[in-house]
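Trainee: I've got the model open and a few labels I'd like to pick apart. Can we go through them?

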Amino acid sequence: MPKVDSVSTSSVPRPEPAAPSRPAGRFDLPRIVRRGIPEGAVPALALFAGVRLAGILAVILTNALRGHPLVRTLAHSWDSRWYLHIAAQGYGHKMWITPQGAVQTDWAFFPLYPALIRALTTVLPLTPGQAALLIAWLAAGVAAYGVYVIGHLLYGRGVATALVGLWAVLPHAVELTIAYTESLFAALAIWALYCVLKGRWLWAGSLAAFAGLARPSGFAVAGAVALAAGCEAWRRRGRVSWRLWAGAVLAPLGFLGYVLWVGTQVGNLFGGYFKVQSAWDSRFDFGVGAARFVKALLLHGGGVVYTVALLVVATGVLLFALLCLDRPPLVLVVFSGVLILLVLGGSGSFSSKPRFLLPAFPLLIPMARALARTWRVRPGQAVLVYGALTLVSLFFGAYVTAVAHSPL
């Protein structure tokens with residue numbers, strides 16, 4: 001199926017040809033349920049759910065073999081503990097003094113995820129850890145559906161299925177199903193991108209604003225929405241709806257609002273948030289810290305987690321180049337490019353960088369198109385490749401979550 005030629009606006013490809021009529025199969029959904037759902041979405045989401053459920057079970061089994069609480073590493077790993085504490089106690093009640101004397105505070109963590117945890121525990125008889133996992137799992141499903149919808153809109157059913165399947169077996173995909181913000185941020189970001197592609201600017205701006213309340217990388221979504229809106233206005237010589245301008249203005253408000261609020265708490269309106277992040281060694285240093293890490297890893301070696309992290313980041317850069325050659329809509333390129341830039345230019349633990357790329361699903365488009373072509377002519381080879389990727393994802397996900405002591 002030919003791909004879209006649009007590279008800079010919210011225009012969408014030609015409509016998919018109507019599916020030929022056929023008798024309802026045994027497992028067909030009712031028509032009222034099927035309405036609005038792209039063809040093939042249910043099998044693709046079942047594949048995603050099956051792979052990620054296997055990943056959760058692999059973590060639980062690994063915990064059992066090591067004599068650890070079965071689900072503790074799913075809900076109480078690293079940043080999860082900070083989010084759960086914020087959900088229970090609010091901000092300003094937890095800090096950590098590092099061996100180097102830096103004072104790390106909970107203001108570094110964005111508020112949407114802990115707010116949802118607190119809301120869920122208020123209305124349902126759940127512990128904060130259970131609520132955090134439920135939100136993460138539901139958001140992962142919503143995000144996977146968004147990946148499929150965008151893939152189907154641009155390239156059709158085969159590529160969309162491959163895209164969801166590949167997203168499910170990324171080496172760090174296990175972090176979509178632990179008590180982290182990645183799945184929530186991905187769901188909001190992906191559907192904001194979809195709304196841009198469909199020209200629903202108010203929805204795009206609103207979802208981007210919520211994404212900005214979920215993670216610091218929310219400004220990647222805001223930037224993509226705003227730039228796409230600007231290009232659309234330029235293409236139409238300013239003859240656009242007020243909704244486009246409203247969406248562009250809404251998009252960065254979540255990120256900016258939280259940054260300024262932290263600034264008021266610290267006593268430095270514009271620089272307070274960045275001072276808080278600096279204590280976590282999280283700042284944009286134009287790649288100086290990453291270059292030092294890579295040099296040390298190449299000269300002296302390192303654990304498997306750091307080696308895999310370097311391979312994932314390097315592969316992400318290559319896939320971004322291939323994505324640009326593929327000429328997808330501009331909004332997908334900008335979103336992925338900003339996330340790549342943050343990973344390359346940001347400081348902090350290198351082992352955490354691959355999960356920052358998890359929401360950047362457009363990077364997988366070239367691989368998905370290749371896998372879909374392989375499936376049509378050599379399905380056995382496609383199954384073999386996908387099976388190998390699945391095993392790597394399951395084993396590495398269990399290792400990085402339940403065995404390794406490197407930051408997630």
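Trainee: Which residues form a nonpolar patch on the surface?

Mentor: Val123, Leu124, Leu134 and Leu138, with about 350 Å² of accessible area together. Patch members need over 30% relative accessible area and no salt bridge (a Lys or Arg side-chain nitrogen within 4 Å of an Asp or Glu carboxyl oxygen); nonpolar side chains are joined within 5 Å, like charges within 9 Å. Areas are Shrake-Rupley with a 1.4 Å probe. Bear in mind that this is a predicted model, where local features need pLDDT of at least 70, side-chain atom pairs count only at pLDDT 80 or more, and totals for chains, interfaces and linings use all residues. Numbering runs from 1 along each chain, and side-chain values use heavy atoms, without hydrogens or water.

Trainee: Why is phenylalanine 350 called buried?

Mentor: Its relative accessibility is 6%, and buried means under 20% (exposed is over 50%, partly exposed in between).

Trainee: What makes the pair of phenylalanine 110 and tyrosine 273 edge-to-face?

Mentor: Rings pair if their centres lie within 6.5 Å; planes over 60 degrees apart count as edge-to-face, under 30 as stacked, the rest as tilted. Here the centres are 5.7 Å apart and the planes at 90°, so the label fits. Both residues are buried.

Trainee: And what makes phenylalanine 293 and phenylalanine 350 stacked?

Mentor: Their values are 4.3 Å centre to centre and 15° between the planes. Phenylalanine 293 lies in helix H14 (residues 288–300) and phenylalanine 350 in the loop between helices H16 (330–345) and H17 (353–356), so the pair ties together parts 57 residues apart in sequence. Helices are DSSP runs (H or I) of at least four residues, numbered from the N terminus.

Methods
Rings of Phe, Tyr and Trp (its six-membered ring) pair if their centres lie within 6.5 Å; planes under 30 degrees apart count as stacked, over 60 as edge-to-face and the rest as tilted. Buried means under 20% relative accessible area, exposed over 50%, partly exposed in between (1.4 Å probe, protein chains only). Helices (H or I, at least four residues) and strands (E, at least two) are DSSP runs, numbered from the N terminus.
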